[in-house]
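Trainee: Could you take me through one part of this model closely, and then set that part beside the rest of the chain?

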Amino acid sequence: MSINASGTEGYAEAAQSLISQWQNISSDELHAAVLHLIPTRPSSVLDVGAGIGTDAAALAAMGHKVVAVEPVDEFRAAGVKLHPSSRIEWLDDSLPELAALRATTGHFDIVMLTAVWMHLDEEERRRAMPNVARLLSNGALLIMSLRHGRIPEGRRMFDVSPDETIQLANVQGLQPKLVVRSESVQRVNRRMNVTWTRLVFAKGCGAS
Ligand SMILES: C[S@@+](CC[C@H](N)C(=O)[O-])C[C@H]1O[C@@H](n2cnc3c(N)ncnc32)[C@H](O)[C@@H]1O
């Protein structure tokens, strides 16, 4: 695992049950509100906090090339096994710095931060946003989801406000294109009244 990958607390211990649980999640269902914004032309995608690669696999199947960043070894190994694809490259790296990624790669047309931003504390979120923004090409999309509700035992999580996220993004030249609040697609989370905010930002001149 990446050294000092804060936000991953509790995940390695719970990996086996989460890997089974997450295999029942459909990326299309999860991203129904934002799917119409994802380009159909083959694009370069960065999926940060990729888990077992649910989004990475769905995007690769659409013809996109995906770099899947995941700091927990167990999730990366499961992702490689579950979704063998020449269009997915896995990388052990973590927010807020994404140091390994930034040392090797250029820019992306889409960056996904699905259910990961809430693992960072306020100071980490402030440091992470410029690093994420730098990885976006002009006109590229940043697609995020923020979790609201009771925090699972043993997990490091914060209830992050959409307003704070929009402010941090704005400073980096990212304009909000879509903000949608929805219930969880997972029954176990719906029972705990977990809700999500999905946000899509566009960078620079392509923004409208
Ligand atoms: C709730 S899971 C979401 C996984 C995947 N994005 C999905 O939607 O299926 C949160 C993921 O964020 C990863 N994560 C936690 N802290 C992180 C950090 N500092 N940098 C990158 N990923 C992190 C965890 O290891 C985990 O895979």
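Mentor: Let us start with alanine 33, which sits in the loop between helix H2 (27-30) and strand E1 (44-48); please keep in mind that the model is predicted. Alanine 33 has 16 other C-beta atoms within 10 Å, and because a residue counts as buried at 20 or more and as exposed at 12 or fewer, alanine 33 is classed as partly exposed. Leaving aside residues up to four places away in sequence, alanine 33 touches Val180, Ser182 and Arg198. With valine 180, the C-alpha atoms are separated by 7.4 Å, although the two residues lie 147 residues apart along the chain.

From this loop we can turn to the interior, where the largest nonpolar core holds 50 residues, of which Leu46, Val48, Ala68, Val69, Val111 and Leu142 touch the most other members. The largest share of this core, seven residues, is supplied by strand E5 (residues 136-148). Leucine 46, again not counting residues up to four places away in sequence, is in contact with Val67, Val69, Phe108, Val111, Met112 and Leu135. Apart from this core lies another one, made of five residues, among them Tyr11, Ile52, Val72 and Ala78. In soluble globular proteins, nonpolar side chains tend to be buried together.

There remains the ligand, which is surrounded by 21 residues, the closest being Gly7, Gly49, Gly51, Ser94 and Leu95. Sorted by class, the shell around the ligand comprises 11 nonpolar, nine polar and one charged residues.

How values were computed
Residues numbered from 1 in each chain as written. Predicted model: local features only at pLDDT ≥ 70, side-chain atom pairs only at ≥ 80, totals over all residues. Near = placed C-beta within 6 Å. Nonpolar A, V, L, I, M, F, W, Y, C, P; charged D, E, K, R; others polar. Helix = DSSP H or I, 4+ residues; strand = E, 2+ residues; numbered from the N terminus. Contact = placed C-beta atoms within 7 Å. Core = buried A, V, L, I, M, F, W, Y, C linked by C-beta atoms within 7 Å.
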